Amino acid sequence: MDKKKAYAICIIFIIIGCAAEIAFWPGHGESPAWWPLPFGVATGLGFFGCWLLIIAAKLIMAPLLQKEPDYYDEGGEEDD
């Protein structure tokens, strides 16, 4: 997948998220909590939360869980 297709898919999902937020906006300011009041907070939190998970997986979890490239070649019986 090239970059143009990836960007297009991201933009489509952001547009769908914003449209869903407009459609299901809770009471237009009648909520007692502060976070659903500004427009786009749910979409933004979801988008940046996903990026945070991706970054955590690549920077923290990958070094802990990945094996060395020659992990299965070490030890064992030698072929003659």
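These questions and answers cover a nonpolar surface patch and an aromatic cluster in a predicted model.

Residues are numbered from 1 along each chain as its sequence is written. Local features need pLDDT of at least 70 and side-chain atom pairs count only at pLDDT 80 or more, totals for chains, interfaces and linings use all residues, and side-chain values use heavy atoms, without hydrogens and water.

Reader: Which helix gives the largest share of the nonpolar patch?
Author: A patch takes residues with over 30% relative accessible area and no salt bridge, joining nonpolar side chains (Val, Leu, Ile, Met, Phe, Trp, Tyr) within 5 Å and like charges within 9 Å. Ile-14, Trp-51 and Leu-64 are among its members. The largest share, 10 residues, comes from residues 41–65, which is helix 2.

Reader: Is Leu-64 buried or exposed?
Author: Buried means under 20% relative accessible area, exposed over 50%, and partly exposed in between (1.4 Å probe, protein chains only). Leu-64 sits in helix 2. Its relative accessibility is 64%, so Leu-64 is exposed.

Reader: What is the geometry of the Phe-47 and Phe-48 pair?
Author: Rings of Phe, Tyr and Trp (its six-membered ring) pair if their centres lie within 6.5 Å; planes under 30 degrees apart are stacked, over 60 edge-to-face, the rest tilted. Here the centres are 5.4 Å apart and the planes meet at 80°. The pair is edge-to-face.

Reader: Why is the pair of Phe-47 and Trp-51 classed as it is?
Author: Both residues lie in helix 2, 4 residues apart, about one turn. Their ring centres are 6.3 Å apart. The planes stand at 70°, so the pair is edge-to-face.

How values were computed
Accessible areas come from the Shrake-Rupley method with a 1.4 Å probe; for residues, only the protein chains shown count as cover. A salt bridge is a side-chain nitrogen of Lys or Arg within 4 Å of a carboxyl oxygen of Asp or Glu. Helices (H or I, at least four residues) and strands (E, at least two) are DSSP runs, numbered from the N terminus.
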